[in-house]
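Reader: I should like to learn how to read a structure of this kind. May we look at it together and proceed question by question?

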Amino acid sequence: MAKHEKRQQKKSKVPAILLVLFLFCLAGLCLAGAYLVYSQQVDLPFLTPQATLSVPEGPSASSATRPQSTGTLQDFIDETIFVGDSRTNGLAKYGFVDSDRVYAIDGANHSTARTERFIQLKKGGKLLTIADAVGTVKPKYLMVSFGINGVAFMEEDTFFSEYALFLDELKAKTPDSVLIVQSILPVSAAYQQREPRMTNDKIKRYNRKLAQLAEQKGGLYFDTFTLFKDGKGNLSSTYDSGDGLHFNSRAYQAWLDNLDTYRKTI
């Protein structure tokens, strides 16, 4: 009888041992699963951004490839020489730009400007051409605004070949200056009726070729035709000084406001 009870006790201990082993294995599996989940949760924050990363296409998408000018508009003006005719002279006439920053002569065009000696950099000094003067000063920026005095009477091929030669001479004298070619500005509807050889359609066509020429010469193009035209493509009365060709002080203020925006792109 005693032996039989001992055998029963031994048999009852077996399921208990198996149960303990089962629970121990189950706990191990739970711990392993918890570790796996934890490790995946740690990795996810590092993997997710890689899946959504967007790489810019082309150089224009990166601000690093388009350095912007620093400082104020006045800083930009103080580093610029403005070259042109009577329309450029208006910058000094109305007091927007110091006269020593303006190399312009009334009635000039880009052909006569190559040989005209009218700039005196110091008292008693000899008179210089525009190219010689900028070659001495070597400004950071050089803005050229010619064309209106050549549109009416110069043949188109001559107009652009002379413009190209003028830009070549400027670049040769001051190769490190940033060359900016400004568009030819519009005239009023009344003015083009008086001078049918100078139409705004013709000016727009010339401006398209000027933009191409500026690029060919390693320069920039500054479109101000659009700024001053009215709904019909003529010089707006808002900016007309009264003769249909020249500009009032409001026009030069608008021009400077536009320049302030433009300079930040170069």
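Reader: In which loop does glutamate 79 lie?

Author: The model is a predicted one: local features need pLDDT of at least 70, side-chain atom pairs count only at pLDDT 80 or more, and totals for chains, interfaces and linings use all residues. Residues are numbered from 1 along each chain as its sequence is written, and side-chain values use heavy atoms, without hydrogens and water. Helices (H or I, at least four residues) and strands (E, at least two) are DSSP runs, numbered from the N terminus. On this basis, glutamate 79 belongs to the loop between helix 2 (73–78) and strand 1 (80–84).

Reader: What is the relative accessible area of glutamate 79?

Author: Buried means under 20% relative accessible area, exposed over 50%, and partly exposed in between (1.4 Å probe, protein chains only). Glutamate 79 is partly exposed because its relative accessible area falls between these limits, at 33%.

Reader: Which residues gather with Glu79 in a patch of negative charge?

Author: Patches are made of residues with over 30% relative accessible area and no salt bridge; like charges are joined within 9 Å, and nonpolar side chains (Val, Leu, Ile, Met, Phe, Trp, Tyr) within 5 Å. Lys and Arg count as positive, Asp and Glu as negative, while His and the chain ends are not counted; the place of a charge is NZ of Lys, CZ of Arg, CG of Asp or CD of Glu. On the surface, Glu79 is joined in this way by Asp75, Asp78, Asp98 and Asp100.

Reader: Against which elements do the buried residues of helix 4 pack?

Author: Helix 4 covers residues 130–137, and its buried residues are Ile130, Ala131, Ala133, Val134 and Gly135. A contact means heavy atoms within 4.5 Å. The buried residues of helix 4 pack against strand 1, strand 2 (102–104), strand 3 (141–145) and helix 6 (156–173).

Reader: What phi does lysine 138 take, just after helix 4?

Author: Lysine 138 is located in the loop between helix 4 and strand 3, and it is partly exposed at 49% relative accessibility. Most residues other than glycine have a negative phi. Lysine 138 is not a glycine, yet its phi is positive, at about 50 degrees.

Reader: How many residues apart in sequence are the parts that arginine 117 and aspartate 132 tie together?

Author: A salt bridge is a side-chain nitrogen of Lys or Arg within 4 Å of a carboxyl oxygen of Asp or Glu; arginine 117 and aspartate 132 form one at 3.7 Å, N to O. Arginine 117 lies in the loop between strand 2 and helix 4, and aspartate 132 in helix 4, so the two joined parts are separated in sequence by 15 residues.

Reader: Which residues of helix 8 form salt bridges with glutamate 156?

Author: Glutamate 156 lies in helix 6 and is 49 residues from arginine 205 in helix 8 (residues 200–216); the closest N and O atoms of this pair are 3.2 Å apart. Lysine 209 also lies in helix 8, so its pair with glutamate 156 ties together parts 53 residues apart in sequence, with the closest N and O atoms at 3.3 Å. The helix 8 partners of glutamate 156 are therefore arginine 205 and lysine 209.

Reader: Is glutamate 162 buried or exposed?

Author: Glutamate 162 lies in helix 6, and it is linked with Arg114 and Glu169 in a network of salt bridges. Not counting residues up to four places away in sequence, glutamate 162 touches His110, Ser111, Arg114 and Met154. Its relative accessibility is 16%, so glutamate 162 counts as buried.

Reader: Which residues does serine 188 touch, not counting those up to four places away in sequence?

Author: Serine 188 is in the loop between strand 4 (178–182) and helix 7 (189–194). With a relative accessibility of 9%, serine 188 is buried. Beyond those neighbours in sequence, the residues that serine 188 touches are Asn234, Leu235, Asp240 and Gly244.

Reader: Finally, what percentage of the residues in the protein chain is buried?

Author: The protein chain has 10 helices and 5 strands, and a search of the whole structure finds 10 salt bridges. Among contacts between residues at least 6 apart in sequence, 65% join residues at least 24 apart. Of the 266 residues in the protein chain, the buried ones make up 38%.

Notes
Areas by Shrake-Rupley, 256 points an atom, 1.4 Å probe, with all protein chains shown as cover.
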